[in-house]
Amino acid sequence: MIQEEEDFLRALNRFHKLGPAFHMTGTSRGKMILMGTVVRLSEISPDGKVRVSDLVSTLQMPAPGVSRLLKGLEEEALVVRTIDPSDRRNTLVSLTDSGCAETERGRAWINQTVDAITEGMGVEKIQTLTTLLNELYDQINRVCLNPEEKKETE
């Protein structure tokens, strides 16, 4: 392995060590993402409630995984699940007042963190990094997740 490859892998590995730093409010990252998605989808819903099936398709997660996260959020009184009165086959989700407050704390933490990082690195470097990270994602997707595409380009 050449030095550049070792340096690259070492740099990527450093991000794993940051994991605990991203538990911003005491609520797990997965739960925060789910609650943020409930907020976004509820803004376009006529009654402000979100179908579980819409969460599954938006998050591109298996239904059992979404259900597990919702169960945890429900136990913490951050969301409420109800049966859709217009179609009893569907379950609707909405944030409680506590869920709204937790989501707002998470959103504020993200904004403060991004602002501080942007201030430290500068806007131009952040834009370059964003472009490079998107390119890296596309390459990893091509090489690791779509091996048939990799063969076509060789």
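Residues here count as buried under 20% relative accessible area, exposed over 50%, and partly exposed in between. Keep those cut-offs in mind as you click through this predicted model.

**Stop 1: E104.** Select E104, which lies in helix α5. Its relative accessible area is 45%, so E104 is partly exposed. Now add S86 and draw a distance between the two C-alpha atoms: S86 and E104 are 18 residues apart along the chain, and their C-alpha atoms are separated by 30 Å.

Next, bring in R107. The side chains of R107 and E104 meet in a salt bridge, at 4.0 Å from N to O. Both residues lie in helix α5, 3 residues apart, which is about one turn of the helix. An α-helix has 3.6 residues a turn, so residues three or four places apart point the same way. R107 is partly exposed too, with a relative accessible area of 36%.

**Stop 2: the whole of α5.** Widen the selection to residues 97-121, the 25 residues of helix α5. From its first C-alpha to its last, α5 reaches 36 Å, close to the 36 Å expected at 1.5 Å a residue. Which residues of α5 are buried? Colour G99, E102, T103 and G106 to see them. Show α2 (29-43) and β3 (91-95) as well, since what covers the buried residues of α5 includes these two elements. Just after the helix comes G122, whose phi is positive, near 95°.

**Stop 3: the nonpolar core.** With α2 and β3 already on screen, turn to the largest nonpolar core, which has 19 residues. Pick out L34, L55, V66, L70 and V93, the members that touch the most other members. The elements giving two or more residues to this core are α2, α3 (52-59), α4 (63-75) and β3. Which element gives the largest share of this core? The answer is α2, with 6 residues. As a general background, nonpolar side chains in soluble globular proteins tend to be buried together.

Zoom in on L34 for a closer look. Leaving aside its neighbours within four places in sequence, L34 is in contact with L55, L59, V66, L69, L70 and L73.

**Stop 4: R51 and D54.** Select R51 and D54 together. They form a salt bridge, with the closest N and O atoms 3.0 Å apart. R51 is partly exposed at a relative accessible area of 34%, and D54 is partly exposed at 28%. The model has 9 salt bridges by the rule used here.

**Stop 5: helix α1.** Move to R10 and E6, whose side chains meet in a salt bridge at 3.8 Å, N to O. Both residues lie in helix α1, 4 residues apart, about one turn of the helix. How accessible are R10 and E6? R10 counts as partly exposed at 48% relative accessibility, while E6 is partly exposed with a relative accessible area of 30%. Add D7 to the selection, and you have a network of salt bridges linking E6, D7 and R10.

**Stop 6: a nonpolar surface patch.** Finish with M1, F8, L9 and L12 and switch on the surface. These four residues form a nonpolar patch there, with about 400 Å² of accessible area together. M1 is found in the segment before α1 (3-14). With a relative accessible area of 66%, over the 50% cut-off, M1 is exposed.

Key. Residues numbered from 1 in each chain as written. Predicted model: local features only at pLDDT ≥ 70, side-chain atom pairs only at ≥ 80, totals over all residues. Heavy atoms only, no water. Patch = residues over 30% accessible without salt bridge, like charges linked within 9 Å, V, L, I, M, F, W, Y side chains within 5 Å. Areas by Shrake-Rupley, 256 points an atom, 1.4 Å probe, with all protein chains shown as cover. Buried < 20%, exposed > 50% of the residue type's maximum accessible area, 1.4 Å probe, protein only. Expected span 1.5 Å × (residues − 1). Contact = heavy atoms within 4.5 Å. Core = buried A, V, L, I, M, F, W, Y, C linked by side-chain atoms within 4.5 Å.
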